[in-house]
Amino acid sequence: PAEASSDIMAASTSSSASWLADLTTKNGEAVELSALSGKAVALYFSAHWCPPCKRFTPILKDLYEEVNEDDAKFEVVFVSSDDSAALAKEYMEEMHGDWLMISYDSPVREALKQKFGCFAGKEQGKFPSSVSTRHSPTNHAPCTMHHAPHTMHHAHAPCTSEPTND
């Protein structure tokens, strides 16, 4: 957990943004970094328009609630690939657990995608040096959930370049 926090903070060094100012609740309230102390932290790279993400999000929500039922020891931090702050907020409200997110307008959100090479295929042009094909037979980087500090990794099929309505 402390290692995860320092690793995440290191991802923000390319911007002047503070990690503390950029971590929020689903209601948009700022959260202190100490809220992550003693917890396993998962960065969840996702978007509402991504069908595999929409199938996985309820599974993650159930896990989050089950693990935290007696004692809050697991935290998810949503890193959005949605097309706007409004869509990211809508996705959080409709499908996500009561976890945290990186503020949509924060440079830290993009820095984390760059650092972990984890973004939607349609964002590939923003991260040309991060494109990885190790998880996918296509040239699209997969939508992925990383569990900091890089000890676990869950990947699913790459997102399509086009949004869907399902």
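These legends accompany four close-up views of a predicted model.

**View 1. Helix 4 and its buried face.** Let's begin with helix 4, which covers residues 85–95. Its buried residues are A88, Y91, M92 and M95. Looking down the helix axis, you will find these buried residues within an arc of 105°, so they line one face of the helix. Turn to the other side of helix 4 and you meet A86 and E94, which are exposed. What do the buried residues of helix 4 pack against? Their partners are strand 2 (40–46), helix 3 (51–67), strand 3 (74–80) and strand 4 (100–102).

**View 2. T57, a buried threonine with two tyrosine partners.** Here we move to helix 3, where T57 is placed. T57 has 0% relative accessibility and the cut-off for buried is under 20%, so this residue counts as buried. Two polar contacts are worth finding here. One joins the side chain of T57 to the side chain of Y44, at 2.6 Å. The other links the side chains of T57 and Y91, also with a distance of 2.6 Å. Setting aside neighbours within four places in sequence, T57 is in contact with Y44, S46, Y91, M95, H96 and W99.

**View 3. The largest nonpolar core, with V76 as a way in.** This core, the largest of its kind in the model, has 20 residues. Y44, L60, F74, V76, F78, Y91 and W99 have the most contacts inside it. Strand 2, helix 3, strand 3 and helix 4 each contribute at least two residues to this core. For a closer look, pick V76: beyond its neighbours within four places in sequence, V76 is in contact with A42, Y44, L60, Y64, W99 and L100. Another core, of 15 residues, lies apart from this one and includes L33, L43, V79 and F116. As a general background, nonpolar side chains in soluble globular proteins tend to be buried together.

**View 4. N68 in the loop between helix 3 and strand 3.** Our last stop is N68, found in the loop that runs between helix 3 and strand 3. Is N68 buried or exposed? Its relative accessibility is 15%, and buried means under 20%, so N68 counts as buried. Now follow the side chain of N68 to two backbone atoms. A polar atom of this side chain lies 2.8 Å from the backbone nitrogen of K73. The side chain of N68 also reaches the backbone oxygen of F74, at 2.8 Å. Not counting residues up to four places away in sequence, N68 touches K73 and F74. You have already met F74 in View 3, among the residues with the most contacts inside the largest nonpolar core.

Key. Residues are numbered from 1 along each chain as its sequence is written. This is a predicted model: local features need pLDDT of at least 70, side-chain atom pairs count only at pLDDT 80 or more; totals for chains, interfaces and linings use all residues. Side-chain values use heavy atoms; hydrogens and water are left out. Buried means under 20% relative accessible area, exposed over 50%, partly exposed in between (1.4 Å probe, protein chains only). Helices (H or I, at least four residues) and strands (E, at least two) are DSSP runs, numbered from the N terminus. The arc is that of the directions from the helix axis to the C-beta atoms. Contact means heavy atoms within 4.5 Å. A polar contact is a pair of N or O atoms within 3.5 Å; within protein, one must be able to donate a hydrogen and the other to accept it, and residues adjacent in sequence count only if both atoms are side-chain atoms. A nonpolar core is a set of buried Ala, Val, Leu, Ile, Met, Phe, Trp, Tyr and Cys residues joined through side-chain atoms within 4.5 Å.
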